There are 2 protein chains.
Amino acid sequence: MHMMQDLLRSMKIDTGGLVAAIAQDAETDEVLMVAWMNAEAFRLTVKTGLAHYWSRSRQQLWRKGEESGHVQKVREIRVDCDKDVLLLKVEQVGGAACHLGFRSCFSWRLEGEAWVEDGERVFNPEEKYKKR
Amino acid sequence: MHMMQDLLRSMKIDTGGLVAAIAQDAETDEVLMVAWMNAEAFRLTVKTGLAHYWSRSRQQLWRKGEESGHVQKVREIRVDCDKDVLLLKVEQVGGAACHLGFRSCFSWRLEGEAWVEDGERVFNPEEKYKKR
């Protein structure tokens, strides 16, 4: 626990207590999503090996996949030179990181001056979440 | 210019007027760095094909590589489902994105509860910047 405190202090968790975290597919290196972590989310991620984030819109801790089942098994955690962004190499269970059903949240590409959809859809979100 | 306005409005440039931008190597898919863009940085990036960012610490527009020569040629721009994070696929001229001389800014890996250096050093920053 003492080392975890040191580890937390080593990061610049300062913008409202949050660091940005990029989830990258450990196999394909595809960038899947970006979310935020507070100290508790980081601690739980390290402890459990499953990605935990802090939802800014809901203001609550969130284990990725807790509703969809699409958890992220964390294979590696990296940090940048400014110690204010994390990079998680993950195994994305279910194959989709995006709540819209895409493999990656980055499924829009700039073409000229417009965003065009360009991503692999793994599930239909209306089907996936309708049971709630 | 009209379409550019629409394009800018399509993104959530709201946290102090900034969006996070991930630079990913277009060839290797390695995540190189994360920086911030304001509307002007985005506009210049699209217009020139070279990555421009907004430096929060210096509070000024910044063309990546303007001092080091290590510019980023932008091959593709993507946006996420929340329209608040950009993903740039870039050709990193000079091979190093990090001001410390590493290929990637994410050159520290969590081992147990400590960060260990784990990155390829392309140049020695003391040599590179000493001419100024």
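## Core and interface of a two-chain model

In this predicted model, Ile22(B) touches Ile22(A) and Val31(A) as well as Val31(B), Val34(B), Val85(B), Leu87(B) and Leu88(B), when residues up to four places away in sequence are left out of the count. Ile22(B) is also one of the residues that touch the most other members of the largest nonpolar core, a set of 62 residues in which Ala21(A), Ile22(A), Leu88(A), Ala21(B) and Leu88(B) share that position.

The two chains are related by a rotation of 180° with 0.0 Å of shift along its axis, which superposes chain B on chain A with an RMSD of 0.0 Å. That is the relation of a two-fold axis. The same surface serves both copies, since 100% of the contact residues of chain B recur in chain A. Among the residues of chain B, Asp29(B) comes closest to the rotation axis, its C-alpha lying at 3.0 Å.

The contact takes 29 residues from chain B and 29 residues from chain A. On the side of chain B that touches chain A, at least two residues are supplied by each of helix H1, strand E1, strand E2, strand E5, strand E6 and strand E7 of chain B, and the largest share, four residues, comes from E5(B). The residues of this side divide into 20 nonpolar, three polar and six charged.

Strands also pair across the contact and within chain B, as the table sets out.

| Strands | Sense | Bridges | A bridge pair |
|---|---|---|---|
| E7(A) and E5(B) | antiparallel | two bridges | Arg109(A) and Arg78(B) |
| E5(A) and E7(B) | antiparallel | two bridges | Val79(A) and Trp108(B) |
| E7(B) and E8(B) | antiparallel | four bridges | Glu111(B) and Ala114(B) |

Strand E7(B) thus appears in a pairing with E5(A) and in another with E8(B). E7(B) has a covered face, made up of Trp108(B) and Leu110(B), and an uncovered one, made up of Arg109(B) and Glu111(B). With E8(B), strand E7(B) forms a hairpin that has two residues between the strands, and Gly112(B) in the turn has a positive phi of about 65°.

Helix H2 of chain B, residues 39–48, contains the buried residues Ala41(B), Phe42(B) and Thr45(B). Seen down the axis of H2(B), these buried residues fall within an arc of 100°, so they line one face of the helix. An α-helix has 3.6 residues a turn, so residues three or four places apart point the same way. After H2(B) comes Gly49(B), whose phi is positive, near 75°.

Definitions and conventions
Residues numbered from 1 in each chain as written. Chains lettered and ligands numbered in written order. Predicted model: local features only at pLDDT ≥ 70, side-chain atom pairs only at ≥ 80, totals over all residues. Least-squares fit on C-alpha atoms with pLDDT ≥ 70 in both. Contact = placed C-beta atoms within 7 Å. Core = buried A, V, L, I, M, F, W, Y, C linked by C-beta atoms within 7 Å. Buried ≥ 20, exposed ≤ 12 C-beta atoms within 10 Å, placed from the backbone. Nonpolar A, V, L, I, M, F, W, Y, C, P; charged D, E, K, R; others polar. Pairing = 2+ DSSP bridges. Arc of directions from axis to C-beta.
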